[in-house]
Structure formats: structure tokens, C-alpha cells
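Biologist: Please give me a close look at one loop of this model, and then place that loop in its wider surroundings.

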Amino acid sequence: MPAAYLGEFEQIVLLAVLRLGDGAYGVPIRQEIAERAGRPVTVGALYATLDRLESKGLVHSWFADPTPQRGGRSKRYFRLLPKGTEALAESRTMLQNMWRGIRLNKEDSRA
Amino acid sequence: MPDLPPRAAERLVRWLVGGRDADAVTGDLRESFAARGGGRAWYWGQALSCAAVRFSPSRRMLPGLGQDFHYALRTLRRNPGYALTAMVCLALAMGVNATLFSFLDSVYFRRLPVPDPDRIVQVMRSGAVFCTWPEFQSLHNNFRTLQAATQLVAAADAELGRVSFNVAVEIVSSNYAQVLRPGTTIGNWFTPADDSAGGDPPVVISDRLWKQRLNGSPDVIGKPLRLFDRTYRIAGVAPPAFHGALPPVFQDLWIPASTVLSSASPLRVNLVARLAPGATFEQARAELQVVAARLDPNHPVRVYHAKGFLWRNGSKAFMPVIALMSAVCAMVLLIACVNVANLLLSRAAVRQHELALRQSLGAGRARLFRETLVEAMLLSAGGVVFGLIAGYWTGRALEIALPSVPVEMYQGLRFTMDWRVALLLGAAGVGSAILFSLPQAFAAGRTGLNAALKGDSGSARSRQREFYTVAQVALSLTLLIATALLLRALLRVQDIGPSFATDHRLYVSVWASKDTPPDEAQHTLTGLLERARAIPGVQDATLAWEVFGSGNLCAATSAQEAPQPLNGNVVEPNYFDMMRIPILQGRAFLPVGSLHDQPEVIVNQTMARRWWPNGDALGKPLWVGCKTSQRKIGQVVGVARDVADGGFGDVPDPLFYLSRLQDPGNGHFSLVIRTAGNPCLWAKPLLEIAQGGGPHLRVFEVESLDDTVGKSLWEVKWQAGVLGALGLLAILLAAIGVYGVVAHSVAQRTREIGVRMAVGAAPADVHWMVLAHGLRLTAMGIAVGLLLSAAAVRLLRGFLYGLSPFDPLAFATASLAWIAIAMLASWFPARRATRVDPLAALKYE
């Protein structure tokens, strides 16, 4: 039984959080997605997704103590929960299964 | 270098996100903003993304609502004619309702335009005024829970430069401004310190007086103003919104009471108070009740929050008008709703195919209805917005027109569009939207999918539209009949007028309170009469219980019979002579008499005819009095000509007169004088005499009889005018409805008409066919409307001045007028039908 169905953007966000480890909060997450996936992400979209993932029990978030360089505002950090890791693994397996035996390249398809 | 993000955008984000997340999100944004090295546009873009998330449909209860919204908006944009017609119909109806709501708001809810209006309380005594002026002076500093000021209104002649004019003066205690804190535009209010200051006393003038009489010039402070035979100096100008402590009555001037009332003056004054800091309303009420009971235990005191109309229970005085206007405005809104419902139905007929297709592809009926509802809400929202604008301008126009009317109650009416009005109108809009989208929901449910997909026109829907048109005609006919009735009543009143002399006559009404011994009251009244006759230029004076109309008395023809309620009047013996009411049989009252006499009775013609049909009323006994144990036996000594009583133009009712010398009445009397010239010049001496009538005498209004007549005529005119305007609006809306239905049926029957013409129908036949369709609907509407009117016009009885509510002329005129309107409304579609080109129509097939 699948843990949870993940949309594409949800997968991207989860992967970004996973890659960043302990340093996963808003700014680096968006940076990571912008650099690796090559698409800019708005704050609104990111937080909406993270909230949804949290309510599904895939990530956990907590507020760190305020730091002076952000105008005294605290950061909200994210970490993957076991259920989140499971869902990612499931998505990957599903995609791999779907991709098996498919070649998109012209040369490949001729071969 | 801009290292701080735009504050407004940041605040917007905080508001949109909310909670602790707001901190994290703005923190993130600030960090990125600094890393980017600025970019206000970028920041605003991020803020908008938060808004999109916040308001996105997926986060709401109803998924797809945004889609519905877009769809409805697109539909409206693509059919601007339809959208505009619907919105204009709604806006017209919403406009009159907005005006009505703002009126209701000021009658019931609006606070005085002063700081902390919630802490102002109004103190009333049932049946009496709070306390006398000396009593107030001794007690006003002793209240613990409130600061109290007094006020008293008076009409007076003021003189500025050499011009004199009539003003409404609020005579107030000098702490008035400290209690109410109304503020000034220029200058200052007087304070208790001014009471002991020498020189001319201060006066504060209203913004209206300042602008009308002094051209709003800023150097008016210190200018002299003559009032009550002394010179005042203008100390300040009140702010435009402040009209005194008795809305809706407009005050022009405020003067300290100490300048007109001596410290021993027994004149009673009203209380207006502000709760002391920290005191609650309940505490203040308790304290006032104790104080009031000590001063006068017979008249219990009532304490209110000051809101709405405070003038003599103004909200009650307006009750009949409010009831009538509310009913009429609701009717106009209903007619507009029916119109829009019709429009929606005709749109649905056009989109039938599309709707059926979607339904067969799985769109639920609920979903389709929601789509209609969203469209309806959009239309309604447009109607409400335009309605508020229309209402604002209507209110402004009324505010400009009303101050010139002769009834002071109407002069100060204000029509402000505030949040309460907007809220109420919004609610009306939502209700209307639901109302006018319902018919389509039912129609959509009934149409068979198969038939609709094949393109058969929904006859059920057309029938439904016809039904609504009939309803519309019926409703607007009711309004038209009501208007016709009022106009007829107006003509009659103007025709008849009061049937006694009113020229050169002035009256002041006085009341000898109940605790006055009857003999003393008689003496006081006789004294008043004598002194009034002694005023230079006064030709005669008389007293009457009621100058206009009559009071309630009882009488019976024998001792065995139970007393019957009857109209009666108690008058001075010279009353008939002075008011030129001829005595047709017998004689008038003798100028002598005492309370212990057997009372003489004079009856009017109607009473003589009905009670003694043989024409032998003279000399007959009449038991007078409402309690069997207390009644006295009197004798009919004369028959007087009928006068219009109760209101002009009334059918005369039986009425009898008693001599004032033999019956004390209930202490209320009007002292009427006949003067040599313009009666208003005698107002001051008359008032002086009335006020000098002794400690038990209370004085009410002074007015010339002609003015009173003018005022009551004005009320009928006003009602007829407003009702007429609303009736016209209703007719316009209903005519649009008839036009829409007939035009739509012509469009749908184009092919049929083409065939008819191809096989030889003459244009005149086609013309008549379409016209007949419109007339058939109208005829049905008129039939229903007549029944509806017969039920509704009873409510008008009080406004008709004796005209029967079933006046056949009014009913007939209104019905004929509607037939003419229906002809006109169907004329244009009919003409279009005759121009159908048979070839083109058949080719279309």
C-alpha cells in the first residue's frame, strides 16, 4: 500500500529538504530548487506545499531562535519524517517501473 | 542602497500568512532580499504569491469555486448588454433601498456626531419633562455617574444686521459643550465661566446658518445677533454634522439658558447626559431613577442610549411612513429580482444546448446551480455597488430638497451611506441573488436532457418566464393603484380644505396638568383668554380642546344605553362665531355657565341626522361621559354645520360640542386668536401670555392655522410624490420585463413567423399576434394585480383623508395606464416581427 501519492513539486521540495539536512529552511530550500531544478519558486508556493506535506505527516518543522541578521525574525526549519522518506522511495520506484524499457532517443529507438 | 524591503508589502505578507509562520516567511524574504541586493518589484511578486495561496480555491471549502467565478465573469463580459441590463435593474431597486436603509439607520441607530457617542444617554420621563430649571441648577453638579446638561428648544425670530428670520434655538445649560463635546469649526463654545462674565452673552451658530446667512465668512466671531430682545455675540460655529441634541430636528442657534431663564423660572427642561469616566450605563440609570423619583414620583423616568431620532420619540412619529416606504421599497426590489430572474432564464434558454451537454457529460445539477448562483452573486454585487452610489446621490438630493419643507421633523433628515447601510444592502443583495437564481435551478431540473440536446425550445421555461412577467405586472399595478389613490386624495384635500376660517388666525396650545384643581384650571384659562383679547391688534380670541380634528368622548341617548365612543370637542362659547361655523338650528352656547350646570350640547349635522333621523334633535337629552357612573345628562341646544375633522376631506363623522365653561375637558386647550394683520407677528405676545399662565400651565407649539393646513397638505404631497416616484420606477422595471419576454418570444418564433408570412399572413396579422401576446400577459397581471391591490390598499387607509381605498377611478386609471404601457412595451418587438424576411427565416432553418 502506497504511503502517500506525491506530486512532482512535492517530490522536488522533499528532495531539497533531504539534500540540505540540518540547514533546511526557506531560503536555502528555494535556492536549492532554483539551482538544481532550474525553476524559481515563490515563497507562497513553497510554504503552501511544505504546510501540506506537514499535514500529511511527511515532514516535521520547528522554529529556531531568532537571529539578528534577519531583523530578529526566527527561521522555520524542516526535516523529513520516516513517512516522507518512504513516500519518496515509493515515488522513485514507481517512476523507475514506468521508465523501464523506454527509450526516448531517436537512435535508441531505432536500435 | 535599499537594504530594507517595502514596508507595506512586508505588512501584507505578515497579514496573509499570519501566526508564527509570518515571522519565518518575512525573515526568509528579508534574507533573500538582502542577498539579491534589493528589488522591490520582486518582493511585491513574492507577496502576491502569498495572496494567491491564501485565497486559492483549493484551500477553501468549495473546490472549483474560483473556476465558477472565472466562468461567470467571462459570461458577463461576453454579454455586456445582458449584464448591464441586469445590473441597472438591480441598481435602481438597490438605490431606493439604500436610501431607505440610510433613513432607517438614522431613525434607529445613528449616534450623535460627537466624541464617544456611546456614552451619551437620553433621559425621558413618561408624560412629563425631567425637572424644572432651578431643580437642575441645584442638582447637576451632584451626579456621581454622569455629567448632565439640559436643553429646551424654542422657535424664535433672530436678527442679523437688519435681516430678521425664523430660527430654531436650543436653549442649553452652559455646560452643554463640556458634556456633549461637539467641537466647533471656528470660535469656541460657551462654558459655565461665561455665565458670570459681563457684556453681551455668547451664542453658537449652526454651520447651516453660518453658510446661508453669513456666507461662511471666517470673521463672524464677535458679530452681534439679536434674539429674544437682547443682543448676543457669536462665539463659535458648530461643525457641519452637529445639529443639536435632538435629531432629526435641526437647531440653528445655541444659547446659554441663564440668558433667558431666570433662576426661579418654573419652566421644565430636558436632560442630556454623558456617563462619567468609569461609570456604567446601569449605574447611571439607577442614580437617575432615584433622583427623578425624589423630584416627581408620579412620572417614572426612562434612560436610553442616545441613538436614532431623539426628538419627541421621533422614531415613533415616523412609524407609519417607515412601514409604507419599507413595503414599497421591498416591492420594487422584488420586481427587479423578477426581472433579473427573467433575464437569467432567457440566458439559460440560449445556453440550453451547452448546459444539457455538460449535464450529460457528468456535471451535477448542484454544480450547475452553483454556477448560476455565482453569476447571480456577481450581478447582485454590481447592483449593490451601483445602488450604493445611486443611494448616495438620492440621499444628497433629498438633503438639498428637504430643508425647504415646512415640517421641521423632515428638515434635519440625513441620508448617510455608512457601513451599516452597506452591510444591510449587501445582505439584501445576497438574498436577491438567491431569489433570482432559484427559478433557473428549478427550470434546469425539469428540462429533459434529450429534448434539450435535440434543440427543442424549453416551453416550460417560457411558461415560467410568462408567469414571472404576470407577477411583475401585478406587483407594479399595486404600486400604481396606491399612487393613484394618493394623488386622488391629494386633489380632494386641496379641493376641500378645512371647512372653517383659517386666515389671520394663530394658536398656542397649552396644558393645565392633571393635578390642577378644575376650578383653578378654569380660572387660568379664562384669564388667558382675557389677556389674549387685550393684546393690541387682536380682534378676538377663543379656546378649543382641538383646533383641528376632535377628541374622544362618549355619549348615549338614554340612561339605560351604554356609553358610545364618539368624536367630541370642548369649546369656548364664541368658538362657532370666531371659526365661522354656522349654527343651522337652535343657538350657540351661552357665554355663561359653571362646571355644576346641566351641560348644553351642540351636535353637528351628521350626528343630528343619524341619531335623531326625524330631524328633531333640538331639546333631546344626551348622556355625556364614558363611565356610566360619572356621566351627566345634557340637552341638545343647537345643530352646527359639519366641519372636516380628523383630517381635511374626511367624510364627516358624528360630532358633538360641549361648552368649555361647563366641562373642563382634559386640560389640553388651544388658545386661538384672530389678528388684524400677519398672524405670525403676534406669536411673541401670545407666547408670553401663555407662559405667564401660572406654574401649572405647560406651553406647546405656536402656529398659524394656515401653516398647519399647509403642513398637512405637504405631508400628503410628499407621500404621493415619493410613492409616485417609486411607482414609476416599478413600472419602468416591469415594462422592461414585458418587453424582454415578448422580444424573446419573437426571437424564438422567427421561423414560425417566417412560415406564416410565406404562406400569406399580412404584416398586420403578425403585428397583432405579437401585441396580443404582450396584452395577454398584461391582462393576467392586471387581474392578479387588482386582487392584490384590493388586499393591500387597506393599509393605505390612514393616508387617504377619507377617500375610500377602493376608489374605482384610481383602480380604473391605473389599469388603463398599464395596458397602454404594455402596448408600448410590446410594440417594438411586434414591429421587428413584421420585418422578418420569410426567405431569410426559412434559410436559417
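Modeller: Asn215(B) is a suitable place to begin: this residue counts as exposed because its relative accessibility is 68%. In this description, exposed stands for over 50% relative accessible area, buried for under 20%, and partly exposed for the range in between (1.4 Å probe, protein chains only). The model is predicted, so that local features need pLDDT of at least 70 and side-chain atom pairs count only at pLDDT 80 or more, while totals for chains, interfaces and linings use all residues; side-chain values use heavy atoms, without hydrogens and water. Residues are numbered from 1 along each chain as its sequence is written, and chains are lettered from A and ligands numbered from 1 in the order in which they are written.

The loop that holds Asn215(B) runs between α9 (207–214) and β7 of chain B. Helices (H or I, at least four residues) and strands (E, at least two) are DSSP runs numbered from the N terminus. The backbone at Asn215(B) has a phi near 55°, a positive value in a residue other than glycine.

Strand β7 of chain B, on one side of this loop, covers residues 224–227 and is joined by two bridges to β3(B), with an antiparallel course. Strands are said to pair if DSSP finds at least two bridges between them. Within this pairing, Ala158(B) has Leu227(B) in β7(B) as its bridge partner. Strand β3 of chain B (residues 146–160) is also joined to β10(B), here by six bridges and again in the antiparallel sense. In that pairing Leu146(B) stands opposite Leu275(B) of β10(B).

From β10 (268–275) the chain leads towards α10 (281–295), and the loop between these two elements of chain B contains Pro277(B). Pro277(B) is classed as exposed because its relative accessible area is 80%. Its C-alpha lies 80 Å from that of Arg751(B), a residue 474 positions away in sequence.

A positive phi is found at another loop residue, His504(B), where the value is about 55° although this residue is not a glycine. His504(B) belongs to the loop between α18 (459–496) and β12 (505–512) of chain B. With a relative accessible area of 34%, His504(B) is therefore partly exposed.

Strand β17 of chain B (residues 600–604) offers a covered counterpart, since five of its five residues are buried according to the cut-offs above. In a regular strand, side chains alternate between the two faces of the sheet. Accordingly, Glu600(B), Ile602(B) and Asn604(B) point one way from β17(B), Val601(B) and Val603(B) point the other way, and all are buried. Five bridges connect β17(B) with β19(B) (residues 632–640) in the parallel sense, and the partner of Asn604(B) there is Ala640(B). Three bridges connect β17(B) with β20(B) (residues 655–659) in the antiparallel sense, and the partner of Ile602(B) there is Tyr657(B).

These parts belong to a chain assigned to four regions: domain 1 (7–55), domain 2 (117–307), domain 3 (317–496 + 712–844) and domain 4 (505–706). Such bounds come from an automatic or database domain assignment. The C-alpha centres of domain 1 and domain 3 of chain B are 50 Å apart. Chain B comprises 27 helices and 22 strands, and its C-alpha trace spans about 100 × 90 × 55 Å along the principal axes. Of its 845 residues, 52% count as buried. Among contacts (heavy atoms within 4.5 Å) with a separation of 6 or more, 81% in chain B are between residues 24 or more positions apart.

The partner chain may be described for context. Chain A has five helices and two strands, which follow the order α-α-α-β-β-α-α along the sequence. Buried residues make up 40% of its 111 residues. Chain A exposes about 6700 Å², with 54% supplied by carbon and sulfur atoms; such areas come from the Shrake-Rupley method with a 1.4 Å probe, and for residues only the protein chains shown count as cover. Within chain A, Trp99(A) has its place in helix α4 (residues 82–99). Trp99(A) counts as partly exposed because its relative accessibility is 48%.
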